[in-house]
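I set out to record a few local features of this model, entry by entry. The notes below follow the order in which I looked them up.

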Amino acid sequence: MKKIVVFAAALAMAACAFGQAATWMGNSYIWADVDGAGQTWYNASGTGQSAGAFNGHDFGIVSSLVIGGEVQSYGDADGEANPAFMNYSVDSGSFSAIQLDWFDYASNNNWFQTLTGEDVADGLSVGSHTLAIYFSKPSTDSGAAPDGNLYDSNDSANYNATFETAAAPVPEPATMSLLGLGALAMVLRRKMSK
């Protein structure tokens, strides 16, 4: 009987331990709008998007690449009081932050999101580029966030994708001819009206 009581007590303690989750950040997604075609959502640490994984994705040749995203956190004492951030870097440059504001609860998690993003292709030189992303959130949990932040960073490897930027298209000779004829017509019309 004593063994049964000890086993039951150990089972109850294990159930309590498994029932309490530590402070956590994850279940993240990244959206991208390529050349104004609309937002497509990709999995970062989340798994629910049919477009597949962001990590390793190649966006091909783009004129604009606007990005944003969402992430969840749990167990942080300041929960919704602090926003989360989606941090991005192009070609191993310095990281810039996009603020993700709190907007809902999902399965007891705080949910942070932005539907307005930033064009990471703007101003880049022609060629191939690498985009690296990780998520962060200020936290008061010194055990889970010793430096004051929670992270979702693909085990510190970031979520990485590639894309290319191309030179602006050169007008065709026929288009240049039409523009020239239009300018000539305007000059002639002006002279005839004098």
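**Hairpin of strands 6 and 7**

I began at the hairpin formed by strand 6 and strand 7, where 2 residues lie between the strands and S107 adopts a positive phi near 55°. I note here that the model is predicted.

I then looked up the pairing of these strands. Strand 6 covers residues 96-106, and its antiparallel pairing with strand 7 comprises 5 bridges. For one position I recorded the facing residue: D101 stands opposite Q113 of strand 7.

**Strand 7 and its other partner**

Which strand do 4 bridges join to strand 7? I found strand 4, residues 65-74, and the two run antiparallel. Within this part of the entry I also noted that V71 has F112, in strand 7, as its bridge partner. Strand 7 therefore has recorded bridges to strand 6 and to strand 4.I next checked how covered strand 7 is. The strand spans residues 109-113, and 4 of its 5 residues are buried.

**N110**

Is N110, a residue of strand 7, buried or exposed? I list N110 as buried because its relative accessibility is 8%, which is under the 20% limit for that class. Its side chain takes part in a polar contact with the side chain of W102, at 3.0 Å.

**H57**

I moved to the loop between strand 2 (39-43) and strand 3 (58-62), where H57 is located. With a relative accessible area of 24%, H57 is classed as partly exposed, because that class begins where the buried class, under 20%, ends.

Which residues does H57 touch, leaving aside those up to four places away in sequence? I recorded Y42, N160, A161 and T162. I also looked up the pair H57 and Y159: the C-alpha atoms are 9.6 Å apart in space, while the residues are 102 apart in sequence.

**Leucine patch and L188**

My last entry concerns the surface. L178, L181, L184 and L188 make up a nonpolar patch there, and their accessible area together is about 420 Å².

From this patch I followed up L188, which belongs to helix 2, residues 173-193. Its relative accessibility is 46%, so I enter L188 as partly exposed; the exposed class would require over 50%.

Methods:
Residues are numbered from 1 along each chain as its sequence is written. This is a predicted model: local features need pLDDT of at least 70, side-chain atom pairs count only at pLDDT 80 or more; totals for chains, interfaces and linings use all residues. Side-chain values use heavy atoms; hydrogens and water are left out. Patches are made of residues with over 30% relative accessible area and no salt bridge: like charges are joined within 9 Å, nonpolar side chains (Val, Leu, Ile, Met, Phe, Trp, Tyr) within 5 Å. Accessible areas come from the Shrake-Rupley method with a 1.4 Å probe; for residues, only the protein chains shown count as cover. A salt bridge is a side-chain nitrogen of Lys or Arg within 4 Å of a carboxyl oxygen of Asp or Glu. Buried means under 20% relative accessible area, exposed over 50%, partly exposed in between (1.4 Å probe, protein chains only). Two strands pair if DSSP finds at least two bridges between them. Contact means heavy atoms within 4.5 Å. A polar contact is a pair of N or O atoms within 3.5 Å; within protein, one must be able to donate a hydrogen and the other to accept it, and residues adjacent in sequence count only if both atoms are side-chain atoms.
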